[in-house]
There are 2 protein chains.
Amino acid sequence: MTDTNRRFLLSKRPEGKPEPDAFELVETDVPEPGPGEVLVRTLYLSVDPYMRGRMRDRESYAEPWAVGDPLRGGVVGEVEASNHGDFEPGDVVVGNLEWADYAAVDGDDLRSVDPDLAPISTALGVLGMPGRTAYFGMLEVAHPRPGDTVVVSGAAGAVGSVAGQIARMGDCRVVGIAGSDEKTSFLTDELGFDGAINYAATDDYRAALDEAAPDGVDVYFDNVGGEITDAVFSRLNVDARVAVCGQIALYNEKSVPTGPRKLGTLIETRARVRGFLVSDFAARFDRATERLGRWVRSGDLRYRETVTEGLENAPEAFIGLFEGENVGKQLVKVGDRSG
Amino acid sequence: MTDTNRRFLLSKRPEGKPEPDAFELVETDVPEPGPGEVLVRTLYLSVDPYMRGRMRDRESYAEPWAVGDPLRGGVVGEVEASNHGDFEPGDVVVGNLEWADYAAVDGDDLRSVDPDLAPISTALGVLGMPGRTAYFGMLEVAHPRPGDTVVVSGAAGAVGSVAGQIARMGDCRVVGIAGSDEKTSFLTDELGFDGAINYAATDDYRAALDEAAPDGVDVYFDNVGGEITDAVFSRLNVDARVAVCGQIALYNEKSVPTGPRKLGTLIETRARVRGFLVSDFAARFDRATERLGRWVRSGDLRYRETVTEGLENAPEAFIGLFEGENVGKQLVKVGDRSG
């Protein structure tokens, strides 16, 4: 443990795609934990597409950050000092903390991570918020039925890769859409998807869907929005269900994005479209995490992580999300466990 | 009864808004009913927006008409002759028949109308397909809850006027959107809507909604689509429900209509959007009709009809639907009951 802490602040609101100059790394002293607080040393930091929304100056489900505010996100860390009865030094914890080497945080806002159950980094991915998002979004919003054709966009990402595998467990035919041959091979060869479309290698998404999903689309789990989603909507079957999880293709738009109107399609298909936030399911997070953990240990649920080394490279890792650089969960490794 | 029958045929596929030359009135002999058939003399003919879809050369939920085919729609008529055990001359029946003075039709495809329960024309409106569409769409798709703010577009039409009143019965605050002061007065003064917006009198639909629905929109029953719907989507509350019943603003578009993308809004609000067709609820039509009839007789459910006289004016009545000329159900009166 050193005396110096590094923290990232939002130095300006990005216009369009974020650039590195939106992030400022400042040095401060390591904070002292107050009563009930825990000093956490960051091991892994999560960067997630939804954070782009918090960089905008407009109300949304996540409160916007002010310029000069610290950036925050999921962190797995090790307890360095504790004034909270539930934690002691050496414990591994997860919480929503600053992008920093150290944070002093109310112990009530932390949860324990059991390093014997799974690699601790999974608490930010397959066994963390992205895994739970996939779990609730697929099972309780999209409602796949055995025999359904399920299409997942952003399928090689932290959420999509889990969502597709959960649908596979439910005896669905799963087709993933992703942006490189490396990713589509990952989906079909490692994760057992029935089909995959590399959208970067085709101009005609509809024709690619007709080939990969010849019986049409019963369930669409959407992480991306935009033209890929337009194509999938054109192939929805009667009684289709669409779970809207993310719209990463649109997060950097400077003006209101436009596209073909879709409500008429919903009448013909009687489709149901529902947006969701994983936080709405908070009462049942433990149950979901327990099930996801069981599937990971049994080998039914596989995952991959893309790890960027060094806190100073967190902005680059975040920006890379919008360039499709990650396969599976994008993490930033900041430190190693002690001992 | 004369020896001459008049029938309307689709003489060409309209491009954009239908013009009178898409309809051809031809004279033929009055048909002879075959075994099991009934000869029906038309009293009232229904024109409905969904018929526009059948004039297009593309597959949809309603099979397209071929050029030269007779136009068809809801008809209330009187039995002139019957080879079917359920019907005898003088009976009033309803069915899906040709736009014609007479039709010979399988008696199994007709239902009896009881002239003592309500005016027979209501079998095409408040107690017919439009009323049932409102009933199932509001109660089983939109799911309003007491205290909800419910917005209905196309609110003065055959479906919207019933949908809004059903939400009122459920203790909701109901705001209708319609296209003239006559219509908004009808909604608030006759039907008991809590508020109404004349979209033709404002350029700023969002500001009008902020005034009429200051607490935002919990339920949106959409009959129109387009920019009115864009505005309502921008005002959806968390957990909003949208029932997509019709998109009349788009039915005459020559190319794929575009507009602001909406799926991001669904994430923030966790809103549910569902399209529906009344035919999906066919197993429970009788129950819905019975309830609607009870509400009409008790005065809880009011209705208005706009009646155009003369079969020859059916095209004009149909075209008028897209110009917002009707208040309540648009009918064409073709004949009077005998006796």
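Visitor: How many residues does each chain bring to the contact between chain B and chain A?

Guide: In this predicted model, local features need a pLDDT of at least 70 and side-chain atom pairs count only at pLDDT 80 or more, while totals for chains, interfaces and linings use all residues. Residues are numbered from 1 along each chain as its sequence is written, and chains are lettered from A and ligands numbered from 1 in the order in which they are written. Two residues are in contact if their C-beta atoms, placed from the backbone, lie within 7 Å. On that basis, chain A gives 29 residues and chain B gives 29 residues.

Visitor: Which element gives the most to the side of chain B that touches chain A?

Guide: Helices (H or I, at least four residues) and strands (E, at least two) are DSSP runs, numbered from the N terminus. Strand S13 (258-260), helix H7 (263-269) and strand S14 (272-275) of chain B each supply at least two residues to that side. The element that gives the most, with 6 residues, is H7(B).

Visitor: In S13(B), which residue is the bridge partner of A:Pro260?

Guide: Two strands pair if DSSP finds at least two bridges between them. Strand S13 (residues 258-260) of chain A is joined to S13(B) by 3 bridges, and the two run antiparallel. The partner of A:Pro260 in S13(B) is B:Thr258.

Visitor: What confidence does the predictor give the complex, as ipTM and pTM?

Guide: For chain A, the pLDDT (the predictor's confidence in each residue, from 0 to 100) averages 96, and 99% of the residues score at least 70. The complex receives an ipTM of 0.91 and a pTM of 0.94.
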